[in-house]
Amino acid sequence: MESEAGPGSLPLDSGTGRPVPEAEPALVERWRSQRGELVELLAQVRERFGGVAAFRLGPSPTVLVTDPSAVQHVLARYPERYVKRSHRARLLIGDGVLAATGTAWKGQRRLLQSQFTGTGMRRYEQRITEAARTTAERWAGYARTGQSVDVGREMRRFALDAIWRSLTGHPLDDGTERELDAVAAVATALPTLPVEPSDARDAVAADLARIDAVARHAIEAARNGAAGPAGPGLLHVLTDAATEHPEYTDQLIRDELVTLLAAGHETTATTLTWLYLLLDRYPAAREEALAAGGEGSAPRRQAIQALIHETLRLYPSVWILPRHAAEDDILAGHTVEAGTDILVCPYLTHRDPELWADPEQFDPRRFVTPGGRPAHLGAYFPFGIGPRACLGVQFALRESTVLLEHLLPAHVLAFSSTPTKAAYGITVRPDGPAVATLGA
């Protein structure tokens with residue numbers, strides 16, 4: 001986002017609302033001169049001007065939204081007024097459900113939603129468990145030999161195996177895993193790619209070609225009825241849809257496949273990596289979770305899920321949700337004109353000291369103690385809320401829980417190196433490797 005910062009309050013089209021408080025240009029210029037992270041600017045804007053505040057990175061205003069009521073207004077109550085215009089990952093995921101809009105999005109969402117709730121989720125339970133067992137066996141080998149592991153790499157390997165089994169019915173093989181490293185490579189590169197679409201595509205052309213080759217092979221196998229040992233997978237649902245819905249071309253099936261691969265493993269892997277880094281700093285949290293109940297018990301599962309939720313509070317799956325005001329509106333008593341860009345920021349809402357006690361502290365007990373977390377729906381939304389909330393919430397929570405049920409009792413990690421900061425791209429991820437040995 002480039003251009004000159006400009007002074008002045010937000011334009012108002014009527015007297016029905018107050019102007020949105022706006023950060024002074026000097027604040028934006030100071031952030032620019034220091035080449036800081038966008039999150040640093042947003043944190044300063046929120047701290048000084050409140051949960052609905054504006055700043056200018058160009059001639060048009062951008063409104064930052066962190067107040068829970070305003071979050072719910074934008075994402076859940078009036079999604080038709082605050083729309084997605086384009087997804088930052090479109091270069092990678094094409095017209096997949098994350099990037100789609102309008103009527104096309106509604107149809108794609110409808111087809112996929114049943115696969116990630118109720119009966120659909122039960123279909124993938126065993127595949128998730130098998131991926132967790134495979135990881136547990138691999139970690140047992142690392143522990144025996146004393147081999148160091150990159151925890152982030154291991155979490156990506158597990159999450160990719162779980163989603164690949166669910167998509168195809170086959171366990172992830174080494175060759176496919178190597179080729180699908182290109183998904184993470186493109187996702188990581190996205191924030192630094194050239195603005196011109198053709199130049200951006202050229203910069204990652206080799207990785208996109210690797211992804212397309214894997215997708216093409218998987219689609220052909222599914223269409224030819226090549227179900228895996230666990231039976232047909234979600235990819236078969238997509239290829240079958242093409243017989244009744246002509247919009248499901250090979251290109252759209254490819255886009256949905258890559259969307260599910262990217263969204264279905266990168267966010268889960270990042271969450272699990274952060275969780276292990278947090279347990280390194282707060283080891284008592286692991287002991288408390290394991291002491292909550294015996295193996296396979298409901299209390300232990302609840303305690304493990306609290307670890308996951310607290311990690312997601314500090315490092316939500318998507319740290320910022322861009323929207324665009326499609327029409328004039330009154331937001332939290334402030335007038336917002338059509339054409340205004342909106343940034344909803346779970347990362348800052350989750351760290352608001354007015355909502356969360358000791359917000360920078362890792363404290364999973366807030367998710368198992370009555371009154372330990374805010375009651376407002378807009379105060380905790382690591383997967384978004386409203387009609388465009390993440391489809392795979394239950395899948396992500398289930399695979400994280402199952403893996404931790406296997407790994408937490410067996411291993412204490414001893415880190416030899418840890419990242420010193422976070423990187424804010426499509427996700428918020430550790431900025432560097434997290435290398436550890438596995439103890440019992």
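**Notes on the predicted model**

1. Let me start at Q34, which is exposed, with a relative accessible area of 57%. Keep in mind throughout that this is a predicted model. Q34 sits in the loop that links α1 (25-33) to α2 (38-49). If you want a distance to check on screen, take V45: it lies eleven residues from Q34 along the chain, and the two C-alpha atoms are 16 Å apart.

2. For a contrast, please turn to L261. This residue belongs to helix α12, and L261 is buried, at a relative accessible area of 3%. Which residues does L261 touch, leaving aside those up to four places away in sequence? The contacts of L261 are L160, I163, W164, L167 and L180. V71, by comparison, is 190 residues from L261 along the chain, with 28 Å between the C-alpha atoms of the two.

3. Next, the strands around β8 (residues 341-344). Strand β2 (residues 61-65) runs parallel to β8, and four bridges join the two. To find the register, look for T62, which stands opposite D341 of β8. Strand β5 (residues 321-325) is also joined to β8 by four bridges, but here the strands run antiparallel. In this second pairing R323 faces I342 of β8, the two standing opposite each other. So β8 is a handy place to see both senses of pairing, parallel with β2 and antiparallel with β5, given that strands of a sheet pair through backbone hydrogen bonds in either sense.

4. There is also an open sheet of three strands, in the order β4-β12-β9, with antiparallel pairing. β4 (149-150) and β9 (412-417) are the edge strands: each has a single partner, so one side of each is left without a neighbour in the sheet. Between β9 and strand β12 (residues 435-439) there are five bridges, in the antiparallel sense. A good residue pair to pick out there is L413 with L438 of β12, which stand opposite one another.

5. Now for the internal space. How many cavities of 30 Å³ or more does the count give? The count comes to two. The largest has a volume of about 50 Å³, and its lining is made up of T267, T268, T271, I308, L312, S317, F383, A396, L397 and S400. Three helices, α12 (250-281), α14 (298-314) and α16 (393-407), each supply at least two residues of this lining. By class, the lining of the largest cavity is split into five nonpolar and five polar residues, with no charged ones.

6. The second largest cavity holds about 40 Å³ of space. Lining the second largest cavity are T267, T270, T271, W274, Y315, P316, S317, T427 and V428. Helix α12 gives the largest share of that lining, with four residues. As for class, four residues of the lining are nonpolar, five are polar and none is charged. When you compare the two lists, you will find T267, T271 and S317 in the lining of both cavities.

7. One residue from that second lining deserves its own look: T427. T427 lies in the loop between β10 (422-424) and β11 (428-430). Is T427 buried or exposed? At 11% relative accessibility, T427 counts as buried, because the cut-off for buried is under 20%. Leaving out residues up to four places away in sequence, T427 touches T267, T270, S317 and W319. Of these contacts, T267, T270 and S317 also line the second largest cavity, as does T427.

8. A last point on the cysteines. The count of disulfides comes to zero. C345 is in no disulfide, and the nearest cysteine sulfur to its own, that of C390, is 17 Å away. Likewise, C390 is in no disulfide, with the sulfur of C345 as the nearest cysteine sulfur at 17 Å. That separation cannot satisfy the rule, because a disulfide needs the two sulfur atoms within 2.5 Å. The surroundings of the two cysteines can be compared as well: C345 is buried, with a relative accessible area of 0%, whereas C390 counts as partly exposed at 34% relative accessibility.

Technical notes: Residues are numbered from 1 along each chain as its sequence is written. This is a predicted model: local features need pLDDT of at least 70, side-chain atom pairs count only at pLDDT 80 or more; totals for chains, interfaces and linings use all residues. Side-chain values use heavy atoms; hydrogens and water are left out. Two strands pair if DSSP finds at least two bridges between them. On a 1 Å grid over the protein atoms alone, a cavity is a set of points where a 1.4 Å probe fits but cannot get out, and a pocket is an open set with protein on both sides within 12 Å along at least five of seven lines; lining residues have an atom within 4 Å of a point. Grid points are joined across faces, edges and corners, and a volume is the space filled by probe spheres set on the points. Ala, Val, Leu, Ile, Met, Phe, Trp, Tyr, Cys and Pro count as nonpolar, Asp, Glu, Lys and Arg as charged, and the others, Gly among them, as polar. Buried means under 20% relative accessible area, exposed over 50%, partly exposed in between (1.4 Å probe, protein chains only). Contact means heavy atoms within 4.5 Å.
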